[in-house]
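Hi everyone, thanks for making time. Let me put the structure up on the screen, and then we'll walk through it together.

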Amino acid sequence: MSEFLKAHRTVIALAGGLLVLVSAAAAWVAWGRNAFPSGGEMTLYVSRGETFPAVVDSLDAKGIIRSRFEFMLVVRVMGGAEKMQAGKYVMASGISNADIFQRLRTGKGSQLIQVTVPEGFRVRAQARIFARALGIDSARYARLAFDASFTRSLGVDAPSLEGYLLPETYEFSWDADEREIIRREVQSFERFFNDTLRSRCAAYGWTVHQAVTFASIVEGEAVLAEERPVISGVYHNRLAKGMKLEADPTVQYALDDGPRRLTYEDLRMENPYNTYRFAGLPPGPVNNPGKASLLAALYPQGNGYFFFVANGRGGHWFTRTYGEHMHYVYMYRHQRRARERHVHAGGE
């Protein structure tokens, strides 16, 4: 009997020891640290629609997990791989398999991505920025922005959203889609273009669409921030006198192969956006103007200028008469030819 008890105790001890070893191994697999070869942190991007095996491939290729087999054991025990969340994940060296999977499954720890949209970019240029930063479909973004019904659904009284996608710095989650991004941009525009600015539109006899169109021309012409109100003043003066705007950005918008240097043939083009041929404002915005240009459009500098031309230094010469204007036009052309000769001669 005593021999039987001894054997029984031995079996229990061995089973207990085996259980401890199995538990320790399981804990090591789940909670053991993944030390990155380079230390520090590593970033993982999970795109919308990406399969879980593809994500595991990325984890393995980047060296975020020490063993694909061990990580998949944890996934099978914890379950929920189908709930994986798209996002940008920053993993610190030493993170466990369980923590990695928990983040991917819940989206916890996914970081917002900052995207800066410069002033004066058109719809398609903005689409490329968001495609690079967030992995969206740039063609779908553009289709939505030019979709009249989608535009109306956002409360914008215009044929498209060109002009209403307010340039600034945004923060989006990695899984933001094209509709969400556009909606955020339009909401930012609506918040900025408040009742005070709408009252200014009414004072000029403008609709919001006309004001945004005017602001887009100012945006397209201005390089120096301090010149925005001056340029606005010039165009206000020309409109008041019944003069054609003769604004290059409107012609550039009508070109299929622009932007490029304009030719005399371009300026004779039969197109409603050609403000060298047609008086008044063009049919719509030629880019998405920033806040400064929107303000400049409605708060122009009072001046007697009717003309301006580039001065070759980033700014413009402003003049009151056509004769003065042509004097500076000749100066600009002379400077441009001199620069071109210098370049052709091998200068920098």
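Okay, a question to wake us up: is arginine 277 buried, partly exposed or exposed? Have a look before I tell you.

Right, arginine 277 counts as partly exposed, because its relative accessibility is 37%, and that sits between the 20% and 50% cut-offs. And please keep in mind that this is a predicted model.

So who does arginine 277 meet? Its side chain and that of glutamate 270 come together in a salt bridge, 2.6 Å from N to O. Glutamate 270 counts as exposed, because its relative accessibility is 58%, and exposed means over 50%.

While we're on salt bridges, there's also a network. Asp257, Arg260 and Asp266 are joined into one by salt bridges that share partners.

Okay, let's step back to the whole chain. How many helices and strands are there? The chain has 15 helices and seven strands. Of its 348 residues, 42% are buried. The accessible surface of the chain comes to about 18500 Å², and carbon and sulfur atoms account for 54% of that.

Now the contacts. Take those between residues at least 6 apart in sequence: 61% of them join residues at least 24 apart.

Back to the charged pairs. How many salt bridges does the structure hold? The count is 10. Let me show you two more of them.

Start with arginine 68, which forms a salt bridge with aspartate 57; the closest N and O atoms are 2.7 Å apart. This pair links distant parts of the chain: arginine 68 is in helix 3, residues 68-78, while aspartate 57 is in helix 2, residues 52-62, and the two are 11 residues apart. Are these two buried or exposed? Well, neither: arginine 68 is partly exposed at 33% relative accessibility, and aspartate 57 is partly exposed too, with a relative accessible area of 40%.

The other pair is glutamate 190 with arginine 198. Their closest N and O atoms are 2.8 Å apart, and they form a salt bridge. Glutamate 190 counts as partly exposed at 29% relative accessibility, and arginine 198 counts as partly exposed at 32%.

So, if you want to find these on the screen yourself, try glutamate 270 with arginine 277, then arginine 68 with aspartate 57, then glutamate 190 with arginine 198. That's it from me, thanks!

Definitions and conventions:
Residues numbered from 1 in each chain as written. Predicted model: local features only at pLDDT ≥ 70, side-chain atom pairs only at ≥ 80, totals over all residues. Heavy atoms only, no water. Helix = DSSP H or I, 4+ residues; strand = E, 2+ residues; numbered from the N terminus. Buried < 20%, exposed > 50% of the residue type's maximum accessible area, 1.4 Å probe, protein only. Contact = heavy atoms within 4.5 Å. Areas by Shrake-Rupley, 256 points an atom, 1.4 Å probe, with all protein chains shown as cover. Salt bridge = Lys/Arg side-chain N within 4 Å of Asp/Glu carboxyl O.
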